[in-house]
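Subject: Structure handover

Hello,

Here is the structure for you to look at. My notes follow below it.

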Amino acid sequence: MSKEKYEAVRQQRLEENRKRMEQLHLPLLSQALRDRDSSSPKSTPMKRGPKPRAARKEVMLPVRRSQRFTNKSATNQAVVYYQRVQLQLPRRIPMRDTSSLVYASDEARQRAVEKAEKVESELTAGTDQSHPTFVKSMLPSHVSGGFWLGLSSNVCKKILPKNDGLVTLADEQGDEWSVVYLARKNGLSGGWKKFAVDHKLADGDALVFQLIRPAFFKVFITRVG
């Protein structure tokens, strides 16, 4: 096909295509879309802040050992291969707000202890020492926050169970609370919080514990102030 004939055929097809587009109103639709895009402002996608990332720390951990030597003159030592890994650290827990706590003065604390010791002497007067007692002055950590009641190792060895278990605390009205005793840590844990909250214990209060039977204590409370 000659160049002139090819050009004539091409022009004929272009003209046919143009007529079809006009019949379908495509030029008008295209112009309307262009006008709309030029008149409306472009929307900017909302930028989101970076997601909080957990703290990560890179450490080198041994992945395998090999008894093969790196050279012939090496002594009989194992070759340790390490791999760099990332550990995800737990998020830091915010500090507890202690601004609302009321702290007892040394004088008020001592007065509560003296009252508790008087109660203790009345309990033990004329007895055969079958119901031993001890006095415990309350600190902020005993009555708030973690609610952990640490006891002296001497008391634990003498009158508390040798192994972890439950002990019962009974108040002066006869109501009872079950509390977890941790022998290895010498203290009262789970259940002690409920006892402290139910009796509204405060910093400086002094408690007298009297052993009635194994793992069963009667508790007498002397208030600070």
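Leu 169 of β5 has Trp 177 of β6 opposite it. This is a predicted model, in which local features need pLDDT of at least 70 and side-chain atom pairs count only at pLDDT 80 or more, while totals for chains, interfaces and linings use all residues. Residues are numbered from 1 along each chain as its sequence is written, and side-chain values use heavy atoms, without hydrogens and water.

Strands β5 (residues 165-170) and β6 (residues 176-182) are antiparallel and share 6 bridges. Strands are DSSP runs of E with at least two residues, helices are runs of H or I with at least four, and both are numbered from the N terminus. Two strands pair if DSSP finds at least two bridges between them. The two strands make a hairpin with 5 residues between them, and Gly 174 in the turn has a positive phi of about 95 degrees.

β5 also runs parallel to β9, joined by 3 bridges. Ala 170 has Lys 218 in β9 as its bridge partner.

Helix α3 covers residues 106-124. Its buried residues (under 20% relative accessible area, with a 1.4 Å probe and protein chains only) are Ala 108, Arg 109, Ala 112, Val 113, Ala 116 and Glu 120. They lie on the same side of α3 because they cover an arc of only 135 degrees around the axis, taken from the directions from the helix axis to the C-beta atoms. On the other side, Glu 107, Lys 118 and Glu 122 are exposed (over 50%). The buried residues of α3 pack against β3 (133-137), β8 (206-213) and β9 (216-222), with contact meaning heavy atoms within 4.5 Å.

Regards

Key. Expected span 1.5 Å × (residues − 1).
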